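Q: I would like a close look at a single part of this model, taken step by step.

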Amino acid sequence: MATVSLKGITKSFGKTEVIHGIDVDIRDGEFIVIVGPSGCGKSTLLRMVAGLETVTSGEVQIGGARVNDREPMDRDIAMVFQNYALYPHMSVYDNMAYGLKIAGTPKAEIAERVAEAATLLQLEDYLKRRPRELSGGQRQRVAMGRAIVRKPSVFLFDEPLSNLDAKLRVQMRLEIKQLQRRLGVTSLYVTHDQVEAMTLADRMIVMNAGRADQIGAPLEVYANPQTEFVAGFIGSPPMNFLPADMAHDAPPGAVKLGIRPEHLTLAQTGTAAKVIYTEALGAETLLHVDLANGTRATVRQDAIAPHPKEGETVHLAWDAGNRIFFDSEGQRC
Amino acid sequence: MEKRVTFKGIWLPLLLVLPQMLVTAVFFFYPAGQAIWQSLFIPDPFGLSMRYVGLGNFEYLLSNPYYRASFVTTAVFSILVTVLSMGVALYLAVLADRLIKGSGVYRTLLIWPYAVAPAVAGVLWLFMFNTRVGVVTWYLGVLGYDWNHVLNGEEAMGLVVVASAWGRISYNFLFFLAGLQAIPRSVIEAAAIDGARFWTRFRTIVWPLLSPTTFFLLVVNIVYAFFETFGVIHTITSGGPQQATTILVYKVYADGFVGQDLGSSAAQSVILLLIVGALTVLQFKYIERRVHY
């Protein structure tokens, strides 16, 4: 159990700076999700915490101590990789026991701890198998088991679910969450999937092009995105961006008006829009409409509500409390 | 799915495989048959008459201490060449695998010796170790060591081993490097996080994962040391001194073309043929297993 602090972390590859200063203090036992599109530097950030990449400037602290110059093995961390990185020539048991064996843990204790982790992850029947004889979900569990048995003070997850199919991903997501709650280990979790971020995180770090655009609890980030990027990235379908002059009371400097699809309602009067196509998803129906000025917007409706047909003209209304303005820099205003 | 072509007649397919069959017949079946046939006779030195002796040539060979000594020489030579060339290649490959800048240049330079023909490589090393004008010999002399592989059998063996292994390092290096780079980086990183330092990682992760490559190279290098080192030995020592470097394949040549004992030479060829056969079977079995793996 430990806190993790990143203080002004930057990273350059050659002359190209890819991470431009990240500051965050992570509480003991907190589940932090680093989310962002590919190439935003989220994996690099995680690898710097792990010690697999050097830190160009700034300081990584684990449990209050500076660890910049420590080898990965001396940081008391465990990492779950995207491709699981299991040792292909070892049995599941040996995969999980590897770290303990190297640490010189007595055999009886190794057996006990591996058995404990195997029970927790429902892997008891697979301990003698090789990784290639396991399904994707089972391999994922072995990778988790390997992290758990060492009882590290920090877990690092690098897109651990992206190689699984959609259904399994939802299931494993829940398992990871439960496991983390149960063990109470400080965790950093990298993903590009905003749904994973929303569901797993105590707090999330939304990264964009090497910067942390916003750090906060998922619902807080959802309700109050600080930048246009965060507003568009978190939430599915994404937030609508309309020209700011559609609102009469737009603050000076505002160029865009952001409204979530669920906050757009159909009304008798208001902004006219033409329905281009509808997507009935079962529980909800999405209307994709074009405004008179050519802007495309999405309206989220309950499936049971009567919804207009494609080609019809509708009128949109929204509540002033649910809109957000952004300036030309993409910053909230 | 395998694509199969169906021919209507028998003549076109026959015509298509004919070149291959001809090559195999002319360069393998005919000489091999000839060798087996000749191994049953003792011809006179002028090739005018042949006397049938049955398996006499083989009996004589297997009871001949020189021939048995040649087996030992071959074993020592092959093991040394294989271990030396694979060991150095693995070491260089591990270094190159860690290299980030300039690895292209490094690799290219390391591959060059492979392009040098064995006989040329032999002459090269002979120049350096020549007992009178060799550079290395001179420096060894400065250090107080009197190098003379013409008289000293062990030094002769050392020299042909080094000269044979040298060109082979490139080939092994390529395979080892490819093998190392096929190991996922994340597996190595996982081991590093698990607490394994470089040497532990190498012993417990890299080496086991590299073993298919190692086994393949082991077979290929033994075959090389057995048969393809003729040029090196011929140019450097001609099998001497006192047969200290006469490996089996060189003895076939020495007994047949120098000693003019064609029957014995043919019998030795047949024995070598059996050894090649065994090694090839081993290799094929292995390669097939690899395909399924």
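At what angle do the axes of helix α7 of chain B and helix α9 of chain B cross, and within what distance do they come?

A: In this predicted model, helix α7 of chain B, which covers residues 153-181, and helix α9 of chain B, which covers residues 198-228, have axes that cross at roughly 160 degrees and come within 10 Å. Because angles over 145 degrees count as roughly antiparallel, α7(B) and α9(B) are therefore described as roughly antiparallel to each other. The crossing in which α7(B) passes α9(B) is right-handed. On the side of α7(B), the residues that meet α9(B) are Ser164(B), Arg168(B), Asn172(B), Phe175(B), Phe176(B), Gly179(B) and Leu180(B), while α9(B) contributes Leu210(B), Thr213(B), Leu217(B), Asn221(B), Tyr224(B) and Ala225(B) to the contact. Sorted by character, the residues of this contact between α7(B) and α9(B) comprise seven nonpolar, five polar and one charged.

For context elsewhere in the model, chain A is divided into domain 1, spanning 4-231, and domain 2, made up of 240-247 and 257-327, and the C-alpha centres of these two domains of chain A lie 38 Å apart. Also in chain A, Leu291(A) belongs to strand β15, residues 284-291, and it is partly exposed, with 17 other C-beta atoms within 10 Å. Leaving aside residues up to four places away in sequence, Leu291(A) touches Thr271(A), Ala273(A) and Ala297(A); of these, Ala273(A) is 18 residues from Leu291(A) along the chain, yet their C-alpha atoms are separated by 4.4 Å.

Notes: Residues numbered from 1 in each chain as written. Chains lettered and ligands numbered in written order. Predicted model: local features only at pLDDT ≥ 70, side-chain atom pairs only at ≥ 80, totals over all residues. Axes fitted to C-alpha atoms, helices over the stretch in contact; angles between N-to-C directions. Helix = DSSP H or I, 4+ residues; strand = E, 2+ residues; numbered from the N terminus. Parallel < 35°, antiparallel > 145°, perpendicular 65-115°, else oblique. Left-handed = near helix turned anticlockwise from the far one by under 90°. Contact = placed C-beta atoms within 7 Å. Nonpolar A, V, L, I, M, F, W, Y, C, P; charged D, E, K, R; others polar. Domains from an automatic or database assignment. Buried ≥ 20, exposed ≤ 12 C-beta atoms within 10 Å, placed from the backbone.
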